[in-house]
2 protein chains.
Amino acid sequence: MGVTGGRRERLRAETTAEIKQVALALMAAGGPDAITLRAIAREMGMTANAIYGYFATRDDLVSTLIHDVNTELADTIETAMRGAANGDDPGGPVRAWAGAFRGWALANPQGFRLVYGDPVPGYRAPEGGAAPDAALRLCLALMAVAAAAWPYAAPLDEGDFDWSDFDAGLREKIRPAFPELPPAGVALGLRIWGHLHGLVVLEIYGHLRAQTSSPNKLFQSELAGLLRSLGLPPAGPAERLI
Amino acid sequence: MGVTGGRRERLRAETTAEIKQVALALMAAGGPDAITLRAIAREMGMTANAIYGYFATRDDLVSTLIHDVNTELADTIETAMRGAANGDDPGGPVRAWAGAFRGWALANPQGFRLVYGDPVPGYRAPEGGAAPDAALRLCLALMAVAAAAWPYAAPLDEGDFDWSDFDAGLREKIRPAFPELPPAGVALGLRIWGHLHGLVVLEIYGHLRAQTSSPNKLFQSELAGLLRSLGLPPAGPAERLI
DNA sequence: TGATGAAACTATACGGCGTATATTAACCTC
DNA sequence: GAGGTTAATATACGCCGTATAGTTTCATCA
């Protein structure tokens with residue numbers, strides 16, 4: 001176990017990265033089902049079994065991919081929300097979250113399916129492994145949305161929630177970051193997620209295709225309705241001041 | 001082509017029904033991926049290839065299952081909505097639709113996945129076959145919801161839709177049944193679908209499990225918010241008259 | 001410098017999957 | 001009884017994930 005054994009470890013990291021990259025490319029081309037060890041190995045010019053040296057099992061590889069994709073989504077949303085957090089526009093975070101979420105989903109439909117659909121035959125791996133990390137980031141972004149909207153939405157809210165309705169670990173992360181957000185505000189964040197998730201998943205999976213040719217118009221209309229139902233102004237601060 | 005060949009046709013129909021029933025049982029037990037011809041045949045005590053006499057291909061079988069499940073969902077929703085169409089409660093259809101949709105989804109999560117998720121490796125079959133039938137029924141139920149809510153929601157609606165935004169065949173079915181419903185009302189129906197679909201799909205796929213232990217409370221809260229945003233009374237006509 | 005041993009990779013095999021083809025048995029119709 | 005449709009079978013092929021054993025590569029250290 002030499003301390004200077006950096007070279008082989010670097011090679012190993014590169015090969016690992018290439019495996020994941022090829023797997024993502026295969027998934028983008030043919031869906032999650034196209035992630036087969038043989039196909040990856042074929043693409044890389046090596047044997048399928050060699051991959052077992054990098055991932056204990058195919059599900060491990062898939063789990064890692066899910067984590068990576070989830071992280072990418074979290075990055076996208078966090079970036080979009082940083083640009084919208086000017087404080088003058090309480091609807092900004094909602095619009096940023098919604099736009100980033102749908103935009104990323106439409107740009108990476110296979111990744112969206114991998115994370116939010118049935119991944120592949122196998123099961124989800126770790127029962128508490130790496131996925132929650134990125135999922136937590138997504139949830140915290142949602143809470144930022146809820147925190148921005150809550151002062152406006154609170155008078156309209158009729159939900160009856162308390163902290164015991166939510167995961168204890170989640171609560172510990174939320175309360176320090178958003179001390180002003182009550183349980184009903186957390187619920188609001190999750191509701192906004194579900195609210196917007198529906199149209200996106202229907203669009204990604206093609207279930208809207210038989211009905212409308214303008215899913216974007218539908219989504220924008222729904223977003224406007226969401227903003228209105230939250231008591232938020234429909235557009236930026238300029239219009240709100242008029 | 002004898003006219004009296006009823007016996008064999010009856011046997012054939014029975015075997016066909018048994019194949020589908022076994023396939024649904026397998027799906028309920030192990031997810032859509034568990035639908036394998038071999039497993040079905042094993043369960044029925046015959047050879048996998050014998051199924052090719054009843055279904056040209058495995059995808060044909062899956063398509064038929066999707067159609068059956070979709071029909072069951074449409075039946076459930078239509079029944080629930082018939083019970084809510086007393087005319088005195090404009091929010092009744094929305095609540096009936098939402099309750100029936102989520103209730104059916106929770107009672108048949110595998111069926112829900114089959115219809116609204118990635119079915120199985122293979123493709124969807126007919127590009128215009130049997131599935132649209134049931135999908136149309138679901139859509140018409142949605143339009144009944146929208147028609148009941150539209151007189152209340154219209155003043156709040158800010159969508160800008162016209163008929164060209166929707167499928168021509170769909171329009172022909174909608175207009176005779178709901179002549180008072182403008183394009184924005186149709187969009188409202190689809191939006192309600194997407195609105196409620198999101199939380200249900202997140203719950204079915206387990207993505208809410210890490211956050212909340214009360215998905216039902218969350219859904220009811222969201223439903224109340226939907227009713228409010230539509231300008232509808234939150235409960236039955238009794239409360240509305242107060 | 002050269003042996004050592006871990007790591008990367010290959011070769012081969014097994015069972016399960018969907019599918020295709022050819023074959024046999026049962027049945028109704030004429 | 002003959003002809004033709006249908007049910008069911010046996011067998012084979014290729015692809016999949018996985019397991020095991022064997023081979024090459026190469027950093028490490030005496």
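## Reading the contacts of chains A and B

A:Asp75, A:Glu78 and A:Arg137 are linked in a network of salt bridges. The model is predicted.

Reader: What makes B:Asp75 and B:Arg137 a salt bridge?
Author: A salt bridge needs a side-chain nitrogen of Lys or Arg within 4 Å of a carboxyl oxygen of Asp or Glu. In B:Asp75 and B:Arg137 the N to O distance is 2.5 Å, so the pair meets the rule. B:Asp75 lies in helix H3 (residues 58-84) of chain B and B:Arg137 in helix H6 of chain B, so the pair ties together parts that are 62 residues apart in sequence.

Reader: Why are B:Asp75 and B:Arg137 called partly exposed?
Author: Partly exposed covers the range between the cut-off for buried, under 20%, and that for exposed, over 50%. B:Asp75 has a relative accessible area of 36%, and B:Arg137 has 23%, so both belong in that range.

Reader: Why do side chains of opposite charge pair?
Author: They can pair when their charged atoms come close.

Reader: How do you know that B:Asp157 and B:Arg191 form a salt bridge?
Author: Their N to O distance is 3.3 Å, and the limit is 4 Å. B:Asp157 is in the loop between H6 and H7 of chain B, while B:Arg191 is in helix H8 of chain B, so the pair ties together parts that are 34 residues apart in sequence. B:Asp157, at 17% relative accessibility, counts as buried. B:Arg191 is buried too, with a relative accessible area of 8%.

Reader: How many salt bridges are there over all chains, and how many between chain B and chain A?
Author: The count over all chains is 20. Between chain B and chain A it is 4.

Reader: What makes B:Asp165 and A:Lys217 a pair that joins two chains?
Author: The closest N and O atoms of B:Asp165 and A:Lys217 are 3.0 Å apart, within the 4 Å limit. B:Asp165 lies in the loop between H6 and helix H7 (168-177) of chain B and A:Lys217 in helix H9 (residues 215-229) of chain A, so the salt bridge joins two chains. B:Asp165 is buried, at 5% relative accessible area, whereas A:Lys217 is partly exposed, at 31%.

Reader: Why is B:Thr212 called buried?
Author: Its relative accessibility is 6%, and buried means under 20%. B:Thr212 therefore counts as buried.

Reader: Where is B:Thr212, and what is it in contact with?
Author: B:Thr212 is in the loop between H8 and H9 of chain B. Leaving aside neighbours within four places in sequence, B:Thr212 is in contact with A:Asp165, A:Phe166, A:Leu190 and B:Leu218. A polar atom of the B:Thr212 side chain lies 2.8 Å from the backbone oxygen of A:Asp165. The backbone nitrogen of B:Ser214 is 2.9 Å from a polar atom of that side chain.

Reader: How many residues of chain B are in contact with chain A?
Author: There are 51 residues of chain B in contact with 50 residues of chain A. The area buried between the chains is about 4200 Å², with 53% given by carbon and sulfur atoms. Across this interface, 21 residue pairs are in polar contact. H8(B) gives the most to the side of chain B that touches chain A, with 11 residues. By class, that side has 22 nonpolar, 15 polar and 14 charged residues.

Key. Residues numbered from 1 in each chain as written. Chains lettered and ligands numbered in written order. Predicted model: local features only at pLDDT ≥ 70, side-chain atom pairs only at ≥ 80, totals over all residues. Heavy atoms only, no water. Contact = heavy atoms within 4.5 Å. Buried area = accessible area lost by both parts, 1.4 Å probe. Polar contact = N/O pair within 3.5 Å; in protein donor to acceptor, adjacent residues only side chain to side chain. Helix = DSSP H or I, 4+ residues; strand = E, 2+ residues; numbered from the N terminus. Nonpolar A, V, L, I, M, F, W, Y, C, P; charged D, E, K, R; others polar. Buried < 20%, exposed > 50% of the residue type's maximum accessible area, 1.4 Å probe, protein only.
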